[in-house]
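Grab the model and work through these exercises with me. Each one has a task, then a solution you can follow step by step.

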Amino acid sequence: MTQLAIMGGKPVRTKLFPAYNTITKKEEKAALAVLRSGNLSQFIGDWCDDFFGGPKVREFETAWSEKFQARHTVSVNSATSGLIAAIGAAGLGPGDEVIVSPYTMSASASCAFAYGAVPVFADIQEDIFTLDPASIEEKITPRTKAIVVVHIFGHPADMDPILALARRHQLTVIEDCAQAPLATYKGRPVGTLGDMGIFSLNYHKHIHTGEGGMITTNDDALAERLRLIRNHGEVAIDSLPHLHDLTNLWGQNYRLTELQCAIGVEQLHRLDGYLSQRIDNCGYLAEKLAKLPGILPPVEYADCRHVYYVQPYKFQEELVDVPRDRFIQAVAAELPSAYLRETTGKLIGAGYVRPLYLQRIYQEKNVTRCSFNCPRYQGKTSYAKGLCPVTERMHEEELFTHEYMRPPMRKADLDDVAHAFEKVYEHRHTLLES
Ligand SMILES: *Cc1c(COP(=O)(O)O)cnc(C)c1O
């Protein structure tokens with residue numbers, strides 16, 4: 001009789017899945033050429049041409065602008081730096097509030113702390129898991145200055161109503177596109193729908209340069225402020241008498257290197273190919289799992305393109321008859337990890353990250369002296385459990401996510417994943433025995 005692996009049976013597969021690796025000979029060649037030139041970074045924190053970086057930095061930024069239909073691209077050393085720079089460029093400071101989703105990577109919210117602003121959490125939509133415009137509206141106060149909209153998992157947020165709210169209340173819209181390169185909303189790539197878009201080039205993302213980030217904007221003044229914040233702004237602003245508002249223009253060092261940009265140029269050439277592989281793989285698996293009642297593949301709006309950083313599914317316990325966590329643990333037990341991920345576990349999990357406001361820094365409100373504890377802050381934002389009920393329900397009961405679509409996963413690998421689901425589904429009631 002078949003026994004589930006979690007109950008001591010033989011797993012569907014033990015051979016590790018292939019390593020996630022987007023780096024090829026082309027990146028090797030490009031990186032080697034930079035290494036041999038000896039010019040690993042040409043940035044200078046001084047007002048001259050090289051204030052904007054060397055040839056590879058500029059080539060990568062130009063190519064990115066073209067691909068993402070942006071007037072400007074500013075490269076930075078991570079998306080986290082990019083988010084912080086965007087908060088700085090938007091002119092935020094102590095006393096200001098930033099509305100953000102709680103269901104995202106921590107930096108989408110913590111970027112506000114860098115300039116003493118306060119993250120205020122709005123709830124998400126239960127179909128696409130992005131910020132719900134109605135919830136944003138409820139959270140707007142006279143202190144609100146910006147919204148960080150995250151295109152979580154690779155599906156664009158519903159931008160039109162969010163942009164309408166932002167216009168009405170004069171808010172800066174920062175799009176966190178780290179999980180959504182070339183996702184489209186009504187035919188336009190995310191990143192320039194709002195005021196600034198931030199992309200990640202860390203190792204886990206669709207394409208990468210080890211670490212890195214890109215900021216897109218169509219606004220000349222914001223682009224200039226971002227470039228100043230990236231590279232020790234204070235050394236340059238004496239030469240820029242047209243700048244009247246110097247708020248936040250003391251600089252950081254968020255510079256990306258020539259080596260990373262040379263790799264990035266090559267990665268960008270293959271982004272479309274990697275996206276189609278992810279999209280195909282997700283479609284293939286969704287089709288296979290469609291016959292399991294209560295396992296619901298993600299929604300994709302008709303006028304949007306989902307690029308699947310992860311593939312989010314919804315689990316309906318009332319139909320499946322066993323709790324989500326137990327079911328997903330059982331599927332995970334049927335499948336191996338992947339090469340290069342041996343120690344970090346399985347490629348599937350119940351929920352995503354814990355709703356951010358439940359982290360200790362929000363619960364204890366002691367992470368900075370000037371944000372929520374600032375004498376200039378007149379608000380009283382809450383981080384109590386229950387704050388965003390949809391987010392909590394998705395996290396605790398309904399959502400599960402997997403990364404089995406990552407290149408170079410093939411149909412045969414996905415057949416094993418589907419088989420694991422089918423096996424667990426068929427024998428799910430044995431999970432309730434012990
Ligand atoms: C990965 C990620 C980031 C941070 O990216 P880094 O480049 O590692 O700083 C920010 N937001 C989201 C939604 C992410 O997935």
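Before we start, a word on terms: contact means heavy atoms within 4.5 Å, and an angle is taken between N-to-C directions, running from 0 to 180 degrees. Keep in mind that this is a predicted model.

**Exercise 1. Work out the strand order of the open sheet and find its edge strands.**

Step 1: Walk across the 7 strands, and you get β1-β9-β8-β5-β4-β2-β3, with mixed pairing.
Step 2: Look for strands that pair on one side only; these are β1 (72-76) and β3 (118-121).
Step 3: Check the twist, which averages 25 degrees from one strand to the next.
Step 4: Zoom in on β8 (residues 196-200) and β9 (residues 213-217): they run antiparallel, joined by 4 bridges. Ile-198, for instance, has Ile-215 in β9 as its bridge partner.

**Exercise 2. Place helices α2 and α3 on the strands they lie across.**

Step 1: Take α3 (residues 79-89). This helix lies across β1, β2 (97-100), β4 (144-150), β5 (172-176), β8 and β9, at about 165 degrees to β8.
Step 2: Now α2 (residues 55-67), which lies across β1, β8 and β9 and runs at about 130 degrees to β1.

**Exercise 3. Find which residues touch the most other members of the largest nonpolar core.**

Step 1: Among the 99 residues of that core, the picks are Phe-60, Trp-64, Phe-121 and Ile-136.
Step 2: Ask which element gives the most to this core: α3, with 7 residues.
Step 3: List the contacts of Phe-60 beyond four places in sequence; among them are Leu-201, Met-214, Leu-256 and Leu-268.
Step 4: Don't miss the second, separate core of 31 residues, which includes Phe-17, Leu-289, Ile-328 and Val-331.

**Exercise 4. Is Ser-200 buried or exposed, and what does Ser-200 touch?**

Step 1: Locate Ser-200 in strand β8.
Step 2: Its relative accessibility is 9%, so Ser-200 counts as buried; the cut-off is under 20%.
Step 3: Skip residues up to four places away in sequence, and Ser-200 touches Ala-79, Ala-178, Lys-205, Ile-207, Gly-212 and Gly-213.
Step 4: Add the polar pair: a side-chain polar atom of Ser-200 sits 3.2 Å from the backbone nitrogen of Asn-202.

**Exercise 5. Which of the 14 residues around the ligand come nearest?**

Step 1: They are Thr-80, Asp-176, Ser-200, Asn-202 and Lys-205.
Step 2: Now the polar distances. A polar side-chain atom of Asn-202 is 2.8 Å from a ligand oxygen.
Step 3: For Gln-179, a side-chain N or O atom is 2.9 Å from an oxygen atom of the ligand.
Step 4: Finish with the backbone: a polar backbone atom of Ala-79 lies 2.9 Å from a ligand oxygen.

Notes:
Residues are numbered from 1 along each chain as its sequence is written. This is a predicted model: local features need pLDDT of at least 70, side-chain atom pairs count only at pLDDT 80 or more; totals for chains, interfaces and linings use all residues. Side-chain values use heavy atoms; hydrogens and water are left out. Two strands pair if DSSP finds at least two bridges between them. Helices (H or I, at least four residues) and strands (E, at least two) are DSSP runs, numbered from the N terminus. A nonpolar core is a set of buried Ala, Val, Leu, Ile, Met, Phe, Trp, Tyr and Cys residues joined through side-chain atoms within 4.5 Å. Buried means under 20% relative accessible area, exposed over 50%, partly exposed in between (1.4 Å probe, protein chains only). A residue is near a molecule or strand if one of its heavy atoms lies within 4 Å of it. A polar contact is a pair of N or O atoms within 3.5 Å; within protein, one must be able to donate a hydrogen and the other to accept it, and residues adjacent in sequence count only if both atoms are side-chain atoms.
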